[in-house]
Amino acid sequence: MSSNTLINRFFSISIDREDEFDLTRQSRTRRLRQIFSILRQHDVISGVTPKDFRAVLEDLGPSFVKIGQTLSTRSEILPQAYCTELAKLQTECDPLPFEDILRTLDGIYGDAQGELFDAIDPTPLGSASLAQVHKARLRNGDVVAIKIQRPGVKEVMAQDIDIMRSAARKLSRLIKGEQMIDLQAVVEEMWVTFLEETDFQREAANLKEFAQLNKNVAFIDCPKVYDELSGENVVVMEYIDGISIGNREALEAAGYDLEEIGEKLLDNYATQILDHGFFHADPHPGNVIVRGGKIVYIDLGNMGRLSPRDRFGFGEIIKAVGLQSSTKLKDALVSFAVAKDNSVIDHPRFLADLDLLLEQYGSCDVADIDIGQFLTDILSLTRVCKVTLPSTITSISRGIVTIEGTIGPYIPNSNVVGIINAHIENTSDRFDLLKEMLEDMALQTRASAAGAMSAAQYSGEALRMLTRGQLKMNMTMSGSPELLNRLGSMVNRLVLGVIIAGLFVGSSMLSLSSMEPRLLGVPVLGFFGYLGAAVLSVWVLFDITRRR
């Protein structure tokens, strides 16, 4: 099939947000041709090895690199060999020429750039697919890091995700039944993530919120943000000069206690998830730095959020795993899961697979439980059984797996489950719990009272309209098609019964009259009435017998 044919098929689906990001038909066509050209170069039709797959994603650009980085933690979607290879995808890429960076800054700050920055280091601190970071010094002497969005990258990523949305809609019509993943939901989640990561004002807001939530934690910090210098395409923050959390030798040489660092980092990460509901979703070693006895999180563009309900549900799951209680874990999972449509859930399969999962992990010691793999298994199980978990569970799983892999060697005698359970026990106060329950009960009572008053008000209005003859009722009956079909069949038989009875009674009355002409001693009209009633009676009896 030719590339042009495939392109036309993609465009047979309506595409949203055409005006935003300049998503025209011509620009989409150009991008699709680029994609197909790259796929042909790698001969993907003949199949791709894990290494080839990684190379294809790298050549396709930043959108596909991010997809690969996400898929590297999703072993329930791809074979483990592919996940292992995709984990090698580098966030670093060839840096932009310094002249392009200066030109971009000129477009942002204009003539004021020279008045704001005293010097900018031409050698980038880092160059990723989305942005490039340079060290600089402000006129007041502050040393800062400038994160500049790559020119044109937002339009390219928007174009790619828009094409993926079209493809997902088409494929979702073809893939039915036991599909492992909701393609449209995945693409829409990517779109939301894209909008967040390409708006650097959001990252500036994240830095301020994270600093506020952790202001009383002596060993946790994040860069100070310069609001007046930051915007949608650039963020200026404090430069952090320290040691990467993954550099074990340098930390030991600086005199740090690695076990203490590991325990404090995990305990604070539990705080972010369970107490704040605002956590770093990508805590890889390059984003966690130790400076001056503090653990400093950088690059807060990708943050996860949990509602109070989700925080409680996740905490219940962890506590159940720590207690190795199959009953508590089952209850926690069922209460935490949110079904889009309860009627489509495969309940027997869900419970059977859950029993197998509990049996597998219930035979392990708490210290031996791989919490990352455990969460991955839960995601796979719920997806197959059409049970929806909150989307942030993926971010939690990825974050925990990343941190556990980084500082696992620092705390060989500890475990993520044990540390999180200890955090839950240490931060749980019965008085606070009772207070929260009473507050929750008060809110529910208030909502119920408001609902009851509204119902009474609507009832009064309805009664007034009824007494004035102004009330009209519009009723819609919903139910299974089989039930409605049976009801319709019963009504049809009832109507036919009334018609048959009417024909018999009417024909009998005509037979007593002297109406001419007559057939077999009965008026012709009465004769045909009897005949029609007999035929309809036989048909009804046959239909009843046939349908049992």
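Which helix holds V495? V495 is found in helix α20, which covers residues 481-511. The model here is predicted. V495 is partly exposed, with a relative accessible area of 44%. It also belongs to a nonpolar surface patch. The other members are L484, L487, M490, V491 and I499. Together these side chains make a patch of about 500 Å².

Now step back to the whole chain. It has 548 residues, and 37% of them are buried. Its secondary structure comes to 21 helices and 13 strands. About 30700 Å² is exposed. Carbon and sulfur atoms supply 56% of that area. Take the contacts in the chain with a separation of 6 or more: residues 24 or more positions apart account for 65% of them.

Next comes an open sheet. It is formed by 4 strands in the order β5-β10-β9-β7, and the pairing is mixed. At the edges stand β5 (220-221) and β7 (243-244), each pairing on one side only. Between strand β9 (residues 288-291) and strand β10 (residues 294-297), the pairing is antiparallel and runs over 4 bridges. One residue pair shows the register: V288 has Y297 in β10 as its bridge partner. Helix α12 (residues 258-276) packs on this sheet. The helix touches β5, β9 and β10. Its direction makes about 45° with that of β10.

A further strand pair deserves a look. Strand β4 (residues 143-149) pairs with β6 in the antiparallel sense, over 5 bridges. Strand β6 spans residues 234-238 and is mostly covered, with 4 of its 5 residues buried. Within this pairing, I146 stands opposite V236 in β6.

I146 leads on to helix α6 (residues 98-109), where L105 lies. L105 touches I146 and I148, as well as G110, Q113 and I120, when residues up to four places away in sequence are not counted. L105 and I148 are 43 residues apart along the chain, yet their C-alpha atoms are separated by 7.9 Å. Is L105 buried or exposed? L105 counts as buried because its relative accessibility is 0%, and the cut-off for buried is under 20%.

Helix α6 also carries a charged pair. D100 forms a salt bridge with R103, and the closest N and O atoms are 2.7 Å apart. Both residues lie in helix α6. They are 3 residues apart, about one turn of the helix. D100 is partly exposed, at a relative accessible area of 24%. R103 has 53% relative accessibility, so it counts as exposed, the cut-off for exposed being over 50%.

Back to β4, at its residue Q149. Q149 has 5% relative accessibility and therefore counts as buried. Leaving aside neighbours within four places in sequence, its contacts include T104, L130, A131 and K154. T198, F200, E232 and N233 are also in contact with Q149.

K147 is the residue to follow next. Which side chain meets that of E203 in a salt bridge? The side chain of K147 does, at 3.0 Å from N to O. This pair links distant parts of the chain. E203 sits in helix α10 (residues 200-213) and K147 in strand β4, 56 residues apart. Both E203 and K147 are buried.

K147 has another salt bridge, with the side chain of D299, again at 3.0 Å from N to O. Here too, distant parts of the chain are linked. K147 is in strand β4, while D299 is in the loop between β10 and β11 (303-305), 152 residues apart. How buried is each end? K147 is buried because its relative accessible area is 13%. D299, at 31% relative accessibility, counts as partly exposed.

Why do such pairs arise? Side chains of opposite charge can pair when their charged atoms come close. The structure holds 15 salt bridges. Some join into a network: R54, E58 and E85 are linked this way.

Note on methods:
Residues are numbered from 1 along each chain as its sequence is written. This is a predicted model: local features need pLDDT of at least 70, side-chain atom pairs count only at pLDDT 80 or more; totals for chains, interfaces and linings use all residues. Side-chain values use heavy atoms; hydrogens and water are left out. Patches are made of residues with over 30% relative accessible area and no salt bridge: like charges are joined within 9 Å, nonpolar side chains (Val, Leu, Ile, Met, Phe, Trp, Tyr) within 5 Å. Accessible areas come from the Shrake-Rupley method with a 1.4 Å probe; for residues, only the protein chains shown count as cover. A salt bridge is a side-chain nitrogen of Lys or Arg within 4 Å of a carboxyl oxygen of Asp or Glu. Helices (H or I, at least four residues) and strands (E, at least two) are DSSP runs, numbered from the N terminus. Buried means under 20% relative accessible area, exposed over 50%, partly exposed in between (1.4 Å probe, protein chains only). Two strands pair if DSSP finds at least two bridges between them. Contact means heavy atoms within 4.5 Å. Axes are lines fitted to C-alpha atoms, for helices over the stretch in contact, and angles run from 0 to 180 degrees between N-to-C directions.
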